[in-house]
Amino acid sequence: MPYVATARGDLFYTVSRGPKDSPTLVLVHGAGGTRLHWPAGLRRLPEASVYTLDLPGHGRSGGPGCDTITGYAEAVAAFLHAVGIELAIVAGHSMGGAIAMTLALDFADLVAGLVLVATGARLRVAPAILEGICSNFEGTTELITRFAWSSETAPRLIDLGRQALLEAGPDVLLGDFAACDRFDVMERLGEIEAPTLVVAGSADQLTAVKYARFLAERIADARPVIIEGAGHMVMLERPIEVTKAVQDFLNVGSVVRAQSAGTSR
Ligand code: COA
């Protein structure tokens, strides 16, 4: 399993290579997450070359975390450069979606398409989370866990999610949520030209489904997929439906054309 050296530290990633000339998909996890927050079926999608990375300070990657979305977007841009990807479809969950949108806005040449999962153009964070991470870290990971999953989720999955937040630690988690809290591209969505898939759970308590509808309305070439009853961790709660939505999106002509017009590997 490879590491790649970047200006933002050594970043850990996995790659599942698709057929020659298939699109390149890069999966970016959310606050306090790791690459394992993406379901195995999506990380190994047969129709694409799929790169899944741990952001700086997360999972097996080195370096400190960031406290701005721009910082993380620069780290992902450095990752793409370091592994030789010139053009990718970037998928992001929650904070990862903010990073993906920032790449589409400020590093547009790198982005052939976007998959925005359980995210929004503004991600204000409840003060109970921001303050609680400093004053009562374990209790706050419990609070986040309670809001992150739909009531129908298997307890084992919820336990793994709670464990990941604890392993991220208070410094990285605070930086991530501070970055989300500062993020706001509500007025800039009209600048996004990349074909975009917006995926959301109707029961999401951390990024309301209203945020997804806003994205789908304001991004010119966007299609929404709302998954009934799913919560914020929609891609782990309902992996088959989310993977199918991404597969269908990759099969849309405009996405593949946008990618083949570039010089991706
Ligand atoms: N897309 C569309 N609309 C959005 C939006 C987005 N991404 N973000 C905010 N809005 C809307 C809100 O729905 C609200 O609309 P309303 O006035 O019609 O009710 C308005 O913009 C202002 O909302 P917001 O910027 O969030 O400020 P606030 O002071 O009303 O609420 C919080 C602040 C923190 C209480 C609230 O954002 C919240 O409950 N957040 C969810 C919990 C959380 O911490 N999530 C973590 C995200 S990483």
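Select the ligand and alanine 126 to begin. In this predicted model, an oxygen atom of the ligand is 2.7 Å from a polar backbone atom of alanine 126. Taken as a whole, the protein covers 63% of the 950 Å² of accessible area that the ligand has on its own.

Keep the ligand selected and add lysine 210. Here the partner is a side chain: one of its N or O atoms is 2.7 Å from an oxygen atom of the ligand. Now add arginine 124, where a polar backbone atom is 3.4 Å from a nitrogen atom of the ligand.

Next, show the whole shell. The residues around the ligand are Gly120, Ala121, Arg122, Arg124, Val125, Ala126, Ile129, Met186, Leu206, Lys210, Tyr211 and Phe214. Colour them by type and they divide into 8 nonpolar, 1 polar and 3 charged. Which helix gives the most to this shell? Select residues 209-218: this is helix α7, and it contributes 3 residues.

Leave the ligand and select threonine 6, which is found in strand β1 (residues 3-6). Is threonine 6 buried or exposed? Its relative accessible area is 15%, and buried means under 20%, so threonine 6 is buried. Two backbone atoms can be checked against its side chain. The backbone nitrogen of arginine 8 lies 2.9 Å from a polar atom of that side chain, and the backbone oxygen of glycine 9 lies 2.8 Å from a polar atom of the side chain of threonine 6. With neighbours within four places in sequence left aside, threonine 6 is in contact with Leu11, Ala78, Phe79 and Ala82.

Now turn to the aromatic rings, where the count comes to 3 aromatic pairs. Select tyrosine 3 and phenylalanine 12. Their ring centres are 5.1 Å apart and their planes stand at 65°, so this pair is edge-to-face. Tyrosine 3 is partly exposed, with a relative accessible area of 46%, whereas phenylalanine 12 is buried, at 1%.

Move on to tyrosine 13 and phenylalanine 79. This aromatic pair is also edge-to-face, with 5.2 Å from centre to centre and 70° between the planes. It links distant parts of the chain: tyrosine 13 sits in strand β2 (residues 9-16) and phenylalanine 79 in helix α2 (residues 69-83), 66 residues apart. Tyrosine 13 and phenylalanine 79 are both buried. Phenylalanine 79 has appeared before on this tour, among the contacts of threonine 6.

For the last stop, add Tyr51 to the selection. Which residues form one aromatic cluster with Tyr51? They are Tyr13 and Phe79.

Conventions
Residues are numbered from 1 along each chain as its sequence is written. This is a predicted model: local features need pLDDT of at least 70, side-chain atom pairs count only at pLDDT 80 or more; totals for chains, interfaces and linings use all residues. Side-chain values use heavy atoms; hydrogens and water are left out. A residue is near a molecule or strand if one of its heavy atoms lies within 4 Å of it. A polar contact is a pair of N or O atoms within 3.5 Å; within protein, one must be able to donate a hydrogen and the other to accept it, and residues adjacent in sequence count only if both atoms are side-chain atoms. Accessible areas come from the Shrake-Rupley method with a 1.4 Å probe; for residues, only the protein chains shown count as cover. Helices (H or I, at least four residues) and strands (E, at least two) are DSSP runs, numbered from the N terminus. Ala, Val, Leu, Ile, Met, Phe, Trp, Tyr, Cys and Pro count as nonpolar, Asp, Glu, Lys and Arg as charged, and the others, Gly among them, as polar. Buried means under 20% relative accessible area, exposed over 50%, partly exposed in between (1.4 Å probe, protein chains only). Contact means heavy atoms within 4.5 Å. Rings of Phe, Tyr and Trp (its six-membered ring) pair if their centres lie within 6.5 Å; planes under 30 degrees apart count as stacked, over 60 as edge-to-face and the rest as tilted.
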